[in-house]
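Thank you all for making time this morning; I would like to walk you through one model and then look at its aromatic rings. Please have the viewer open as I speak.

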Amino acid sequence: MKRRILLFIGLALLLSLLTGCMDVNEPITKESEGFWNTYIVYPLSWLITYFATLFGNNYGLSIIVVTLIIRLAILPLMIKQMKSSKAMQALQPEMQKLKEKYSSKDQQTQQKLQQETMALFQKHGVNPIAGCFPLLIQMPILIGFYHAIMRTQEIAQHNFLWFDLGERDPFFILPIVAGITTFIQQKLMMAGTSGQNPAMMPQMQMMLWLMPIMIVIFAVNFPAALSLYWVVGNLFMIGQTFLIKGPDLQGNKGKSEGTKK
């Protein structure tokens, strides 16, 4: 879990770097140069504009549709990531036993711990870093979509529902909904993991609250178009989690009812 927290912090720093240092305020056009602009940002910008044209210049509806398309495109990666995470969680009790068995901090004991841990992974066919690869692959796509929204000038010139896409939500409804849906998504992701390793719970609880707070802070300061993207993406992720982790969620609900009884 500590590695995941470090990975999350690293990705947050990467997001800050990319959003702050990669011409985020420069409009994206067909003439924009560079691999990032040519092959990632501009195609996504073109896709948003294309669907907006189909919907009568409704850029809000276009952002929703393109968000769903992107989420569906990376769905196989997300499923792989969640399955890998589930496999690692299932091994937590055995990993904890190994840590207790080889609790000494001398080099020889720690090497033995690493060998036994790797043998455990091989026995169950689990790759400890497999869950990180899908996340690393999808991040450029999601950051690229952020750039496409921020740098497509036409988006800022249109409104959707009660807000202007190029301005902050005047009533802060989208930021709040983005934070709530992020919390629900994180809560669902944690379902079925509470009994795996009690030592992980403080870190998991920290992540449960840290991510929604960060999303709200970002959403309050960024254009409403980006908040709309976050809300739609979160709702998709909630449905995806129900689809993939359905048995775990039902099992967790049954345990809670049994505890109450």
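Before I give a count, let me say what I mean by an aromatic pair: rings of Phe, Tyr and Trp, the last taken by its six-membered ring, pair if their centres lie within 6.5 Å. Please keep in mind that this is a predicted model. With that criterion, a search of the whole structure gives 10 aromatic pairs. One of them joins Tyr 50 and Phe 51, whose ring centres are 5.5 Å apart and whose planes meet at 80°, an edge-to-face arrangement. The two partners differ in burial, since Phe 51, at 17% relative accessibility, counts as buried, whereas Tyr 50, at 41%, is partly exposed. Ring pairs also connect these two residues with Trp 46 and Phe 55, so that the four are linked into a cluster.

Let me turn to another tyrosine. Tyr 39 sits in helix H2, which covers residues 35-54, and with a relative accessible area of 58% Tyr 39 is exposed. Its C-alpha atom lies 9.6 Å from that of Gly 144, although the two residues are 105 positions apart along the chain.

Finally, the chain as a whole. The protein chain has 12 helices and two strands, and in sequence order eight helices come before the two strands, with four helices after them. Of its 261 residues, 42% count as buried. Among contacts with a separation of 6 or more, 75% are between residues 24 or more positions apart. The accessible surface comes to about 14,800 Å², with 63% of that belonging to carbon and sulfur atoms.

Notes:
Residues are numbered from 1 along each chain as its sequence is written. This is a predicted model: local features need pLDDT of at least 70, side-chain atom pairs count only at pLDDT 80 or more; totals for chains, interfaces and linings use all residues. Side-chain values use heavy atoms; hydrogens and water are left out. Rings of Phe, Tyr and Trp (its six-membered ring) pair if their centres lie within 6.5 Å; planes under 30 degrees apart count as stacked, over 60 as edge-to-face and the rest as tilted. Buried means under 20% relative accessible area, exposed over 50%, partly exposed in between (1.4 Å probe, protein chains only). Contact means heavy atoms within 4.5 Å. Accessible areas come from the Shrake-Rupley method with a 1.4 Å probe; for residues, only the protein chains shown count as cover.
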